[in-house]
Amino acid sequence: MNIAIVGTGYVGLVTGTCFSEMGVHVTCVDVDAQKIENLKKGIVPIYEPGLEVMVHRNRAAGRLDFTTDLVSVLDNVEVVFSAVGTPPGDDGSADLQYVLEVARTIGRHINNYTLIVTKSTVPVGTAQLVKQTVKEELDKRGADVPFDVASNPEFLKEGNAVSDFMKPDRVVVGTESEQARKLMERLYKPFMMNNYRLIFTDIPSAEMIKYAANSMLATRISFMNDIANLCELVGANVNMVRKGIGADSRIGSKFLYPGCGYGGSCFPKDVKALIKTAEKYHYPMRVLKAVEEVNEVQKSVLFRKLQKYIPNLAGKTIALWGLAFKPDTDDMREATALVLIDLLTQAGARVRVFDPVAMPECRRCIGDKVTYAQDMYDAVLDADALLLVTEWRTFRLPNWAAVKKLMNNPLLLDGRNIYDPCELKDAGFVYEGIGKVR
């Protein structure tokens, strides 16, 4: 089976590589010529555990190709996945210009039946726009070439994307025709051998499922952060509260961990886009607006805690452990660390940072606004406080005696609640987490 994936960003590259691992011949297409040349050489532009090895393996086997020319592959593929970017516009709505440009190119050049599958996260109604765009281009040609559209939203977690794709808990496909349904069944069957988790819906429902899923997860995080902040005020321990409500089978324990705010490429963007979609229909998404507001405030919670201990930060050295929005990725889009760095530098503090993977990306985003440490211990040298921002495994069991000796002031603010308060206090630290009683 031959397919094309348009877009070699996070979703497109993982999708194409994983399909090739199952024996599908995949051509990944991107307008970025340098990125394509690098991929041909085996240089992967993103950090994702297991991906680089898989790219090399399938390139060597001849199942994974890269090109900048979509037109050249259209006659040889049955399915074209559109995985191009849908960045938020100034008003928060999804920008569909790249999605529609792919549709125009397909409409101008297809000669055989083609299934066009939207993999990008797009608002409800996008597939209909894609269908309309392709039809307009065919009409301009006077061509009567059959085609279908489908929606196949992705549910990949950064840092675990390869495993998520190879062993999905569900695959959602929105289709309009039996031919499209059979093609998608054939394509995903190798991933479903042990448990059939392929869910077919109408197209608008598939488009909505992606936004609703991410918005629900974001809601749980913001709800738990609100509860954590209240726990501090009333004297409750949020970890005990979390375990108590998570034990309820109707609620469950996932995404109930308080922290210093969510970030990344999905939750912030998708919450905004769903709010904007609702506004087009004159419906206010009251809950999601509150979710967004809570999260924006939560990103500065460590800064507010720090000011309680050090009211005047001018000239103070503050260490940050972790920069990426979550572990096992170098993604810093909407990362809490960026908010903290801005607040700290505006207050006159000197900031030293360490992240196992994301420091090159941080330098690309903000340049030399901070000092980039050689390792986690170098980051705390002469620090007046340490802020744990990203819960990388390498930060879980440090040598606290060495950390304390290197710091000017043994103050630790744990933005992810990964440390034991009693252990830290016994080690001579002033410790505070999120939602815990000091």
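**Close-ups of an open sheet and two loops**

**View 1. A loop residue, E334, with positive phi.** In this predicted model, E334 sits in the loop that runs between strand 9 and helix 13. Its phi is near 60 degrees, a positive value in a residue that isn't glycine. Most residues other than glycine have a negative phi. As for the surroundings, E334 has 39% relative accessibility, so it counts as partly exposed.

**View 2. The open sheet, strand by strand.** Here we've got 6 strands in an open sheet, ordered 11-10-9-12-13-14, with parallel pairing. Which strands stand at the edges? Those are strand 11 (371-372) and strand 14 (430-432); each has a single partner strand, so one side of each is left without a neighbour in the sheet.

**View 3. Helix 13 against the sheet.** Helix 13, covering residues 336-346, packs on the sheet and touches strand 9 (317-321), strand 10 (350-354) and strand 12. The direction of helix 13 makes about 180 degrees with that of strand 9.

**View 4. Strands 12 and 13 side by side.** Zoom in on strand 12 (residues 385-388) and strand 13 (residues 411-414): they run parallel, joined by 3 bridges. Look for L388, which stands opposite D414 in strand 13.

**View 5. A second positive phi, at N417.** Follow the chain into the loop between strand 13 and helix 17 (421-426), and you'll find N417. Phi of N417 is near 55 degrees, again a positive value in a residue other than glycine. Is N417 buried or exposed? N417 has 13% relative accessibility, and buried means under 20%, so N417 counts as buried.

Methods. Residues are numbered from 1 along each chain as its sequence is written. This is a predicted model: local features need pLDDT of at least 70, side-chain atom pairs count only at pLDDT 80 or more; totals for chains, interfaces and linings use all residues. Side-chain values use heavy atoms; hydrogens and water are left out. Two strands pair if DSSP finds at least two bridges between them. Helices (H or I, at least four residues) and strands (E, at least two) are DSSP runs, numbered from the N terminus. Contact means heavy atoms within 4.5 Å. Axes are lines fitted to C-alpha atoms, for helices over the stretch in contact, and angles run from 0 to 180 degrees between N-to-C directions. Buried means under 20% relative accessible area, exposed over 50%, partly exposed in between (1.4 Å probe, protein chains only).
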